[in-house]
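Visitor: Could you walk me through this one? I would like to start with the backbone, and then move on to the interior.

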Amino acid sequence: MHRSNVALVLIAGFALASAAPKVPAFKYDGGWPKLPLPNAWTFEGITGLTVDKDDVVWVLERPGDFDNDPIFRRAEVTENYASLNPPTALCCKKPPAVLAFDQAGNLAHSWDPEAQNGLHLILADKAGNIWIGTDTMRKYTRDGKLLATIQRAPEPVGQIKPGQYPGDAPMVIGGIEGGEFFESARELFITDNYLRGRVLVFDMDTLKFKRGWGAYGKPLKDIAVTQNFKYSPGVAPPAEFAAHLTLSVSNDGFVYAADRGADRVQVFSKDGKFVREFTVAPETLDRGSTGGLTFSRPDQTFIYISDIMNNVVWIVNRADGKTLGHFGFFGHAGGGFHWLHMVAADSKGNVYTGEVDTGKRVQRFVVQR
């Protein structure tokens, strides 16, 4: 091929062809996972989703949604019949917070973590350990034995006021929203929702704090205590993260932070240097468009972003941040979404999703070659 037709661009530290890559297509897999769940369990709101090195899909859910209706904020009365005394129907009973499924859809693991206050992240490292984010990060065996805990502020989540701790406090202060490993450097990157979002980096082995930053790579100590920002299209983006910050780390060591409250993704070097930002469905209001994010596998050409408002998975070209398409639709039918919250991918390129509110399910979408 002539050199003029193979122009390469170098963006965020990696070279990719300037021509837009072929957008993948996905087909909803109605046979995964195998249902109904055992023990008359339900799925509750899915707040964490990851795929381990063996392509086992780990699901984190909020068992508390079984007790309290997520819409009317009252005691649940429509799915707890088998839990009553005496039971009034065959289903249902409260599930454990952690469920793991193999590629055939069989339930392989189920257990409850040490703490369930603010369940919002589940990760699996290459050694087979499972890490769960709540009021801090805790490390477990794949069978649920607690191994280690990252230090956090002594006050419970929700009882800490803005400015009570300095932005550069070297511990978790609020609650965990997102995170990922960069195992070649033995580092764990997480987002703490204190001051609307801080990126914090910890040593995977010692659990010691190493560094962190805010929006645009701002030093932690310089994060503003207060911010009066209301997102709308065309308004200049805020200098701080807006709300609901999640992240993932690419194989080449770049950190992608999804700031849902501002419909944007910011890209950083692993040391916190700001590289660029891009928007996704910037006309989206309310809860915002950029929720969870993961990369296509194995090549990481694309970023898949779960959108809780538009209820689709956006497909973004990692090279230039341009949105190339989406899949899914609003609805409770298979392949649709209601309050789409989490997204993950396996080694074969298949995509998994999780929903909250009354969506309460996990789905698989098989990549079409």
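## Backbone and core

Visitor: Does L195 count as buried or exposed?

Guide: L195 counts as buried, because its relative accessibility is 8% (buried is under 20% relative accessible area, exposed over 50% and partly exposed in between, with a 1.4 Å probe and protein chains only). This is a predicted model, in which local features need a pLDDT of at least 70, side-chain atom pairs count only at 80 or more, and totals for chains, interfaces and linings use all residues. Residues are numbered from 1 along each chain as its sequence is written, and side-chain values use heavy atoms, with hydrogens and water left out.

Visitor: What is the phi of L195, and where does the residue sit?

Guide: The phi of L195 is near 55 degrees, which is a positive value in a residue other than glycine, and the residue lies in the loop between β13 (187-192) and β14 (198-203) (strands are DSSP runs of E, at least two residues, and helices runs of H or I, at least four, numbered from the N terminus).

Visitor: And what about L207, where is that, and what is its phi?

Guide: L207 is placed in the loop between β14 and β15 (209-213), and its phi is near 65 degrees, again a positive value in a residue other than glycine. L207 counts as buried because its relative accessibility is 15%.

Visitor: Which peptide bonds are cis, to your knowledge?

Guide: The bond from L35 to P36 is cis, with omega near 0 degrees, and P36 belongs to the loop between β3 (25-29) and β4 (45-51). N85 and P86 are also joined by a cis peptide bond, with omega about 0 degrees, and P86 is found in the loop that separates β5 (57-62) from β6 (98-101). As a general point, most residues other than glycine have a negative phi, and most peptide bonds are trans.

Visitor: Switching topic, which residues have the most contacts inside the largest nonpolar core?

Guide: In the largest nonpolar core, which has 24 residues, those with the most contacts inside it are M137, Y165, I173, L188 and I190 (such a core is a set of buried Ala, Val, Leu, Ile, Met, Phe, Trp, Tyr and Cys residues joined through side-chain atoms within 4.5 Å). β8, β12, β13 and β14 each supply at least two residues of this core.

Visitor: What does M137 touch?

Guide: Leaving aside neighbours within four places in sequence, M137 is in contact (heavy atoms within 4.5 Å) with L121, L123, W131, I132, A148, T149, I150, I176, L188 and I190.

Visitor: Now H244, where is it, and what is around it?

Guide: H244 is placed in the loop between β15 and β16, and it counts as buried because its relative accessibility is 12%. With neighbours within four places in sequence left aside, H244 is in contact with H120, E177, A258, D259, R260 and H341. H244 and T191 are 53 residues apart in sequence, while their C-alpha atoms are 9.1 Å apart in space.

Visitor: Last thing, what is the average pLDDT, and where does it stay under 50?

Guide: The protein averages a pLDDT (the predictor's confidence in each residue, from 0 to 100) of 93, and 95% of the residues score at least 70. Over residues 1-17, however, pLDDT stays under 50, and for that stretch the model has 24 contacts beyond four places in sequence. Where pLDDT is low, the predicted coordinates should not be read in detail.
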